[in-house]
Amino acid sequence: MIILQTLSARLPDILFYLFAGLSLIGAVQVLCRRNPMNAAVSMVVTVLSIAVLYILLSAYFIAAAQMIVYAGAIVVLFIFVIMLLNLSAKEIGRRRYTLFKAFAAFVAAAVGVSLLPGVRGAPRAISEQPIDPSFGSAKTVGRLLFGEFLLPFELTSILILAAMVAGVVLAKRDITPNRTFSPVDAILDLLLKSDRKDKSP
Amino acid sequence: MEGGVGIESHLFMDLILDLLPILVKMLVGFFVVLTTTAYLTLAERKFSAYMQDRIGPNRVGPFGLLQPLADGVKFIFKEDVVPNHVHKVFYIAAPALMLVPALLGYVVIPFGDSIELFGRTITLQIADVDIGILYILAIGGLSVYGLFMAGWASNNKYSLLGGLRASAQMVSYELTLGLSVVGALLVYGTANLRQIVLHQTEYWTLFGSIQVPHWGIFLQPLGFVLFLISAFAESNRLPFDLPEAENELVGGYHTEYGSMKFAMFFMGEYTGMITISALTVTFFFGGWHIPWIEHAGLTHNVVAALGVLAFLAKTACFLFLFIWVRWTLPRFRYDQLMSLSWKGVFPAALLNVFGTALCLYVLRRPM
């Protein structure tokens with residue numbers, strides 16, 4: 001009985017360390033694996049472990065969104081591309097050690113050490129106040145997104161649109177579009193006239 | 001000392017009494033879903049036989065009723081071959097990654113109202129989660145990893161093509177599946193599946209006396225059609241079973257699989273069908289609610305028990321629809337499937353969300 005009680009009291013801590021460890025292992029594997037498919041699967045491990053950490057923080061909506069958006073869509077698209085390329089072991093090549101990688105590993109280790117409780121100073125006292133039951137619910141998140149953080153939220157969508165346009169431009173680089181009149185082109189022509197004449201034979 | 005022991009054992013009894021209903025619900029749910037999965041394969045074969053003027057399996061047991069058992073025994077005792085050219089870890093993990101999400105999905109679906117036993121109220125739902133529908137979408141999104149992993153690990157061009165098709169199809173139709181329920185979520189104002197069913201137990205009164213239940217199908221007809229299309233695609237059933245199109249890809253992603261591993265893919269597909277059918281009933285057909293039963297004057301527990309039966313019957317209707325469509329419609333071409341998703345269902349779902357939001361704004365604005 002007492003074992004049960006201590007276990008149930010300690011369970012969130014145990015789960016936290018378990019899934020925090022898993023997410024770290026997954027993240028390191030993403031960096032270290034040569035095979036892109038293994039790296040992508042390790043990324044899924046990280047994404048799902050972080051979703052569990054969100055659940056432990058009782059942010060259920062964020063956890064579900066994390067799973068739907070990252071595990072359900074973004075990593076699947078990565079994997080889609082990896083499968084389309086289907087690289088052979090020769091194309092992937094063997095592991096190489098460079099000075100830059102060594103430096104990056106050193107910086108990562110340094111940051112990790114600096115975050116240790118003893119180095120960074122005493123941790124901030126955690127308030128014992130119970131959290132609001134509506135914390136992390138869809139309603140609260142929605143209010144924040146469409147109220148306080150409306151501008152950054154909308155700007156993010158423009159960023160994503162720009163990324164999408166860039167993707168299309170990169171993919172269709174070889175195809176020259178039909179020349180249509182637009183005022184932007186006309187102004188650009190006027191400004192860049194001298195440049196263009198130089199280039200043309 | 002004795003008092004301490006007494007209190008402790010009392011607490012222990014309370015703990016047992018709290019845990020017992022949950023354990024029973026989990027075990028019964030698991031058992032019912034797996035049994036239904038097994039008998040769904042028999043139903044599929046029987047109905048296809050009737051539709052093609054054949055008899056179907058009738059050798060094992062009366063009317064072939066023991067056929068799923070015989071199939072299971074055969075799957076288990078078949079030699080478990082792992083081909084030499086596969087990526088071992090992914091090859092073995094893939095069937096599990098397909099089956100486990102399928103078995104996790106149904107836990108949030110309410111299969112009945114609550115019953116009162118020995119002074120305790122037991123809700124007939126394994127887990128009453130506030131983000132119910134999001135949970136199902138999140139878990140459903142994970143089953144794609146089983147498909148692509150099987151396709152990739154098999155190291156075989158047919159499997160790879162099957163896996164590729166599966167990932168593209170799942171990503172496209174997950175989006176439309178999610179978007180097609182947004183309209184319904186706007187109407188109900190909650191993502192909790194139990195609250196959604198309770199919302200549908202109310203009535204509109206027409207012509208003074210006729211009562212029409214508040215079912216989602218009347219509120220969201222377009223949303224229902226889009227949801228159903230996406231559900232067929234998401235569960236890889238005909239007319240959208242491109243990932244395993246036999247006459248193009250041998251068996252698609254599961255070409256290299258045999259024995260129990262193949263059976264796990266099979267079970268994953270059928271369990272997914274059960275979950276999605278139950279979800280359709282919950283969202284658009286009033287879940288466990290039997291219309292007009294409030295006027296019959298039955299006790300609460302009897303109504304709840306009848307409700308469970310009603311829920312099972314409604315779900316069975318949709319399972320039959322899945323089988324019916326499979327043996328009636330031909331398969332889509334791959335480009336048709338993709339253009340249906342991105343140029344047909346997706347804009348229509350956006351339109352549905354926009355229209356619903358507009359209607360709700362007009363109807364609910366303060367006068």
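**Close-up 1. Salt bridge between Arg333(B) and Asp335(B) in the predicted model.** Asp335(B) has a relative accessibility of 44% and therefore counts as partly exposed, since that class lies between the 20% limit for buried and the 50% limit for exposed residues. The side chain of Asp335(B) meets that of Arg333(B) in a salt bridge, with an N to O distance of 2.9 Å. By the rule applied here, the count over all chains comes to six salt bridges.

**Close-up 2. Salt bridge between Asp80(B) and Lys261(B).** The side chains of these two residues, Asp80(B) and Lys261(B), meet at 2.9 Å, N to O. Asp80(B) is placed in the loop between helix 2 and helix 3 (88-105) of chain B, whereas Lys261(B) belongs to helix 10 (residues 259-284) of chain B, so the pair ties together parts that lie 181 residues apart in sequence. The accessibility classes of the partners are as follows: Asp80(B) is partly exposed, with a relative accessible area of 46%, while Lys261(B), at 9% relative accessibility, counts as buried.

**Close-up 3. Salt bridge between Asp71(B) and Arg45(B).** In this pair, formed by Asp71(B) and Arg45(B), the closest N and O atoms are 3.0 Å apart. The salt bridge links distant parts of the chain, with Asp71(B) in helix 2 (residues 67-77) of chain B and Arg45(B) in helix 1 of chain B, 26 residues apart. Asp71(B) counts as partly exposed at 22% relative accessibility, and Arg45(B) is likewise partly exposed, with a relative accessible area of 34%.

**Close-up 4. The contact between chain B and chain A.** Here 24 residues of chain B are in contact with 24 residues of chain A, and the two chains, B and A, bury about 2,100 Å² between them, of which 82% is on carbon and sulfur atoms. Of the area that chain B buries against chain A, Tyr145(B), Trp152(B) and Leu164(B) supply 26%, more than any other three residues. Between chain B and chain A the count is zero salt bridges, and one residue pair is in polar contact, with both residues at pLDDT 80 or more.

**Close-up 5. The side of chain B that touches chain A.** Helix 1 (2-51), helix 4 (132-153) and helix 5 (157-188) of chain B each supply at least two residues of this side. The largest share, eleven residues, comes from helix 4 of chain B. By class, the side of chain B that touches chain A has 18 nonpolar, four polar and two charged residues.

Notes. Residues numbered from 1 in each chain as written. Chains lettered and ligands numbered in written order. Predicted model: local features only at pLDDT ≥ 70, side-chain atom pairs only at ≥ 80, totals over all residues. Heavy atoms only, no water. Contact = heavy atoms within 4.5 Å. Buried area = accessible area lost by both parts, 1.4 Å probe. Salt bridge = Lys/Arg side-chain N within 4 Å of Asp/Glu carboxyl O. Polar contact = N/O pair within 3.5 Å; in protein donor to acceptor, adjacent residues only side chain to side chain. Helix = DSSP H or I, 4+ residues; strand = E, 2+ residues; numbered from the N terminus. Nonpolar A, V, L, I, M, F, W, Y, C, P; charged D, E, K, R; others polar. Buried < 20%, exposed > 50% of the residue type's maximum accessible area, 1.4 Å probe, protein only.
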